[in-house]
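Please look through the model below before reading on; the numbered points that follow are meant to be checked against it.

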Amino acid sequence: MIMLYEDESHIRSYQALHSTWAETGKQRQIPTYGHHAHVTLFGTVNADDGDFFCLPSETCDAQAFLDFLTHVLERYRDKFIVMVLDNARIHHATLLDSFLEEYKHRLFLLFLPPYSPDLNPIERMWKWLKEAVIFNRFHKDKKAIQASVTDFLEWVTELPEQILQRIGCVIPNVETSK
């Protein structure tokens, strides 16, 4: 059995700027492109081993969620999956009923209480992704956002220990001096 934490995120080209340091008289200039491109992502994180699985989607609806669940079942073929997720409307859609019934021997959805994103560790992964991909910069178009997201995902999948630290499942090894 494995426990996966699931959520969706939208990486937009018009995120707010965050504070940054600059040399006196050399304020950083961030170009803008006058449009609102975005990329939708479905993802899971495994709090036991730091596996972060993420797929882009054209939409964020029940059908896209169903497609994502199919990929998750494929990825973890021989495992029973407990998926912890929020109460978004797409997670309760009638469209899912027959699929969830068919795979009840392999997949169980465990819903968090309403308005409790702090209980879902994948939220910390979305924050990390956004810090790396969109804070203090704008992307020219959707293709540029997708390229930045892909670069981040390729990089972070090689860092399961840092993923576990980021989501709060591993306490960093700190040596104390005497």
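1. In this predicted model, the buried residues of α3 are worth locating together, and they include I122, M125, W126, W128, L129 and V133. Seen down the axis of α3, these buried residues fall within an arc of 160°, so they line one face of the helix. The pattern can be read against the general geometry: an α-helix has 3.6 residues a turn, so residues three or four places apart point the same way. The helix α3 itself has 12 residues and reaches 16 Å from its first C-alpha to its last, close to the 16 Å expected at 1.5 Å a residue.

2. The loop between β5 (107-111) and α3 (122-133) holds S116, and Y115 is found in that loop too. S116 counts as buried because its relative accessibility is 14%, under the 20% cut-off, whereas Y115, at 85% relative accessibility, counts as exposed.

3. The backbone at Y115 deserves a look, since its phi is near 55°, a positive value in a residue other than glycine. Most residues other than glycine have a negative phi.

4. S116 and D86 are 30 residues apart in sequence, yet their C-alpha atoms are 7.8 Å apart in space.

5. On the surface, M1, F80, F108 and L110 form a nonpolar patch, with about 400 Å² of accessible area together. One of these residues, L110, is found in strand β5 and is partly exposed, with a relative accessible area of 37%.

How values were computed: Residues numbered from 1 in each chain as written. Predicted model: local features only at pLDDT ≥ 70, side-chain atom pairs only at ≥ 80, totals over all residues. Heavy atoms only, no water. Helix = DSSP H or I, 4+ residues; strand = E, 2+ residues; numbered from the N terminus. Buried < 20%, exposed > 50% of the residue type's maximum accessible area, 1.4 Å probe, protein only. Patch = residues over 30% accessible without salt bridge, like charges linked within 9 Å, V, L, I, M, F, W, Y side chains within 5 Å. Areas by Shrake-Rupley, 256 points an atom, 1.4 Å probe, with all protein chains shown as cover. Salt bridge = Lys/Arg side-chain N within 4 Å of Asp/Glu carboxyl O. Expected span 1.5 Å × (residues − 1). Arc of directions from axis to C-beta.
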